[in-house]
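The following report walks through one structural model, moving from single residues to the chain as a whole. The sequence and the coordinates are shown first.

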Amino acid sequence: MRHPKTVISAICGIGLAFATAFTVAPTATAGTSAAPTSAAATSYAAYDGSKAEAAGNKAFFEAVMKSVAKKRAANPGALAVTVVYDASQAPSFASQIASSTSIWNSSVANVKLQSGGNADFAYYEGNDSRGSYASTDGHGQGYIFLDYAQNQQYNSTRVTAHETGHVLGLPDHYTGPCSELMSGGGPGTSCQNSQPNAQEAAQVNALWANGIAAALAKVS
């Protein structure tokens, strides 16, 4: 994804190349809420690589970390790095979001996901020809969009956990095997794995262990 000055690359020395894509607001069906329609949503990382080849997620991670850092700066005594999400706009995926949260919280130690107010990012649902994706404006506003049709084709918990992996800082790796969560739609619809592998979990732990102090310095 594109935008702002990198918070993490300078911290962790992770040289990841990302393509960018312009997004328009997804169309939600009756009874659902569309994702944010502001021009803010300018970058996205899609679950299916054919829909957004190597779309970047780094800006989403940086935006989320910036949001978390601001709240931690206001409460410097907090020890845990907690990322808060709002799932109220994706009621059809409540079970998958809960499962994704449990998967990540049991896989990593340096950051935890939690549902609540004053959220760092949100989940939305609806119909979009691009499928499911993570999107951000790079300035603290981000969301995960879960597409109905795609979640019927692929393992829905895997889709949700994959997109949540972008929030935690992981890039797409579509050429990877099914055992890699971030291979996304690459292994095809038969892939049922919804768990990050040890390398993916270690990368998330490293990002949040090394990155939050510098992020706090930028907002203090």
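In this predicted model, Ser135 sits in strand β5, which spans residues 133–136. Because its relative accessibility is 0%, and buried means under 20%, Ser135 counts as buried. Its C-alpha atom is separated by 9.6 Å from that of Glu163, a residue 28 positions away along the chain.

A second pair that is distant in sequence involves helix α6, where Ala209 is found. Ala209 and Asn110 are 99 residues apart in sequence, yet their C-alpha atoms lie 5.9 Å from each other in space. Unlike a buried residue, which would have to fall under 20% relative accessible area, Ala209 has a relative accessibility of 43% and counts as partly exposed.

Asn118 belongs to the loop between β3 (112–115) and β4. Most residues other than glycine have a negative phi. Asn118, although not a glycine, has a positive phi of about 50 degrees. With a relative accessible area of 60%, Asn118 is exposed.

The table gathers the accessibility of the residues discussed singly, together with the two that form the salt bridge described below it.

| Residue | Relative accessible area | Class |
|---|---|---|
| Ser135 | 0% | buried |
| Arg130 | 12% | buried |
| Asp128 | 12% | buried |
| Ala209 | 43% | partly exposed |
| Asn118 | 60% | exposed |

How many salt bridges does a search of the whole structure find? The search finds one, and it joins the side chains of Arg130 and Asp128, with a nitrogen-to-oxygen distance of 2.7 Å. Arg130 is buried at a relative accessible area of 12%, and Asp128 also counts as buried, at 12% relative accessibility, so this charged pair is formed by two residues that both fall under the 20% limit.

Turning to the nonpolar interior, the largest nonpolar core holds 32 residues, and those touching the most other members are Val83, Trp104, Val111, Phe121, Tyr123, Val204 and Trp208. At least two residues of this core come from each of α2 (58–74), β2 (82–89), α3 (94–107), β4 (121–126), β6 (142–147), α5 (156–167) and α6 (198–219). Apart from this core lies another, of five residues, including Tyr124, Tyr133, Tyr143 and Phe145. Beyond its neighbours within four places in sequence, Trp104 is in contact with Leu113, Ala161, Thr164, Gly165, Leu168, Leu170, Leu181, Pro196 and Val204.

As for empty space, the second largest pocket contains about 190 Å³. Its lining comprises 11 residues, and His173, Glu180, Gln199, Glu200 and Gln203 lie nearest the centre. Sorted by class, this lining has four nonpolar, four polar and three charged residues.

At the level of the whole chain, the secondary structure comes to six helices and six strands, and from the N terminus on the elements run α-β-α-β-α-β-β-β-β-α-α-α. Of the 220 residues in the protein chain, 51% are buried. Among contacts with a separation of 6 or more, 69% are between residues 24 or more positions apart.

Definitions and conventions
Residues numbered from 1 in each chain as written. Predicted model: local features only at pLDDT ≥ 70, side-chain atom pairs only at ≥ 80, totals over all residues. Heavy atoms only, no water. Salt bridge = Lys/Arg side-chain N within 4 Å of Asp/Glu carboxyl O. Buried < 20%, exposed > 50% of the residue type's maximum accessible area, 1.4 Å probe, protein only. 1 Å grid on protein atoms, 1.4 Å probe; cavity = no way out; pocket = protein on both sides within 12 Å on 5 of 7 lines; lining within 4 Å. Points joined across faces, edges and corners; volume = space filled by probe spheres on them. Nonpolar A, V, L, I, M, F, W, Y, C, P; charged D, E, K, R; others polar. Core = buried A, V, L, I, M, F, W, Y, C linked by side-chain atoms within 4.5 Å. Helix = DSSP H or I, 4+ residues; strand = E, 2+ residues; numbered from the N terminus. Contact = heavy atoms within 4.5 Å.
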